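Student: I've got a model open and want to talk through some of its side-chain pairs. Can you take me through them?

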Amino acid sequence: MPIIANNMTEGNTNNHTSFSQDRYLFRVKRTDGLTLLCMASSRMVFTSINYFFIHGRIPFAFLEDIHQRFVKTYGRAIHPAPAYAMNDEFSRVLSQQMDHYSNDPNADRLNRSKDEMSKV
């Protein structure tokens with residue numbers, strides 16, 4: 001775990017980064033004093049959607065969505081809150097959005113736009 005923590009805290013306070021450790025792939029978004037992490041096993045059997053979730057644009061879209069929802073819901077209460085203070089409430093949002101970004105082809109805006117353009 002120390003290697004993962006070091007990778008997450010390197011660099012500027014606002015950034016996006018990706019790295020792998022052992023058999024896991026990590027996407028990290030650091031913004032406004034918050035660190036958001038998306039982790040997946042690199043040994044997963046990928047459907048095309050899951051492949052893009054792990055390797056493409058979707059992980060950062062997911063993290064951006066979660067960041068916006070979290071800040072909108074909790075606002076200034078985020079920074080002074082103790083660890084896991086919002087877990088009971090926000091875990092439902094996380095679960096719903098993980099399902100959406102993992103299984104809905106429309107979660108990838110670029111592919112959705114390409115599909116719409118091809119129909120014109």
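Tutor: Sure, starting with a term: a polar contact is a pair of N or O atoms within 3.5 Å; within protein, one must be able to donate a hydrogen and the other to accept it, and residues adjacent in sequence count only if both atoms are side-chain atoms. This is a predicted model, where local features need pLDDT of at least 70, side-chain atom pairs count only at pLDDT 80 or more, and totals for chains, interfaces and linings use all residues. Residues are numbered from 1 along each chain as its sequence is written, and side-chain values use heavy atoms, with hydrogens and water left out.

Student: Which side chain has a polar contact of 2.6 Å with aspartate 65?

Tutor: Aspartate 65 sits in helix α3, residues 58-74 (helices, H or I, at least four residues, and strands, E, at least two, are DSSP runs numbered from the N terminus). The side chain joined to aspartate 65 by that 2.6 Å polar contact belongs to glutamine 97.

Student: How many salt bridges does a search of the whole structure find?

Tutor: A salt bridge puts a side-chain nitrogen of Lys or Arg within 4 Å of a carboxyl oxygen of Asp or Glu. Glutamate 64 and lysine 29 make one, at 2.6 Å from N to O. Aspartate 65 and arginine 69 also meet in one, at 2.8 Å. For the whole structure, the search gives 2.

Student: Is lysine 29 buried or exposed?

Tutor: Buried means under 20% relative accessible area, exposed over 50%, and partly exposed in between (1.4 Å probe, protein chains only). Lysine 29 has 4% relative accessibility, so lysine 29 counts as buried.
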